[in-house]
Amino acid sequence: MPAHTIQQIQEFLPHRYPFLLVDRIQEVNLDAEDGANIRVLKNVTINEEFFNGHFPGHPIMPGVLTLEAMAQAAGLLGLTMLGDKRKPTTLYYFAGADHVRFKRPIVPGDQVCLEARFMSGRRGIWKFDCRALVDNNVVCAAEITCAERELEQA
């Protein structure tokens, strides 16, 4: 079963505060004709650490963190797609972003819907078509590449 609560998300992703940038999985569709997809929520509050410096008096979520949030959504989809083949030591690293477009800033109070759709995967490299939306309007879009790796045991 796909992760839906923050506790279940933390079983899939190694990220923790202040770098866990997804709050809830709304929907996972592994059988879509146009590719498996996921819809994830990120609630943006003024309490986010990055707003202290980006920018004082005019808080805007940094674009690189928007890309990271989309990569985390893509990672959740990829790990969910692995199903029973997924090991607890399997991680998805953010490996690249292509065709990135920022349409408008994300600000405190926004609820960001992160969408990722599986495009292709080969030899542990997976591509996802991703979008970030606020109030059903695209605020960012990119093709995200993730690299599947096994966590090295210490």
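Confidence in the protein chain bottoms out in helix H1 (residues 6-12), with a mean of 90, and peaks in strand S5 (residues 125-134), at 98. The model is a predicted one, and the chain as a whole comes in at a mean pLDDT of 93, with 97% of its residues reaching 70 or more.

Helix H2 is a good place to start with the fold itself. H2 spans residues 63-82, 20 residues in all, and runs 29 Å from its first C-alpha to its last, close to the 28 Å expected at 1.5 Å a residue. Most of H2 is covered, with 17 of its 20 residues buried. Right after H2 comes Gly 83, whose phi is positive at about 55 degrees.

Next, the aromatic rings. A search of the whole structure turns up five aromatic pairs. In one of them, Phe 50 and Phe 51 have ring centres 4.6 Å apart and planes at 65 degrees; since an angle over 60 counts as edge-to-face, that is how this pair is classed. Both Phe 50 and Phe 51 are buried. The rings of Phe 118 and Phe 128 have their centres 6.1 Å apart, and with their planes at 70 degrees this pair is edge-to-face too. Phe 118 belongs to strand S4 (residues 111-122) and Phe 128 to strand S5, so the pair ties together parts that are 10 residues apart in sequence. Phe 128 has a relative accessibility of 0% and therefore counts as buried. Phe 118 and Phe 128 are also part of a cluster, linked through ring pairs, that takes in Tyr 92 and Trp 126. A ring can have a charge for company as well: the charged end of Arg 86 sits over the ring of Phe 12, 4.4 Å from its centre.

The loops bring in some charged residues, and two acidic ones turn out to be tucked away. Glu 48, in the loop between strand S2 (37-43) and H2, counts as buried because its relative accessibility is 13%, under the 20% cut-off. The side chain of Glu 48 has a polar contact of 2.8 Å with the side chain of Lys 42. Setting aside residues up to four places away in sequence, Glu 48 touches Lys 42 and Asn 43.

Asp 110 sits in the loop between S3 and S4, and at 11% relative accessibility Asp 110 is buried as well. The side chain of Asp 110 is joined to that of Arg 104 by a polar contact of 3.4 Å. A polar atom of the Asp 110 side chain also lies 2.9 Å from the backbone nitrogen of Val 107. Again without residues up to four places away in sequence, the residues touched by Asp 110 are Lys 42, Asn 43, Val 44, Arg 104, Pro 105 and Val 134. Lys 42 and Asn 43 thus turn up in the contacts of Glu 48 and in those of Asp 110.

Lys 103 is found in the loop between strand S3 (90-102) and S4. Its relative accessibility of 54% is over the 50% cut-off, so Lys 103 counts as exposed. Lys 103 and Cys 140 are 37 residues apart along the chain, yet 5.7 Å separates their C-alpha atoms. Neighbours within four places in sequence aside, Lys 103 is in contact with Val 138, Val 139 and Cys 140.

Definitions and conventions: Residues numbered from 1 in each chain as written. Predicted model: local features only at pLDDT ≥ 70, side-chain atom pairs only at ≥ 80, totals over all residues. Heavy atoms only, no water. Helix = DSSP H or I, 4+ residues; strand = E, 2+ residues; numbered from the N terminus. Expected span 1.5 Å × (residues − 1). Buried < 20%, exposed > 50% of the residue type's maximum accessible area, 1.4 Å probe, protein only. Polar contact = N/O pair within 3.5 Å; in protein donor to acceptor, adjacent residues only side chain to side chain. Contact = heavy atoms within 4.5 Å. pLDDT = per-residue confidence, 0-100. Phe/Tyr/Trp six-rings, centres within 6.5 Å; stacked < 30°, edge-to-face > 60°. Lys NZ or Arg CZ within 6 Å of the ring centre and 35° of its normal.
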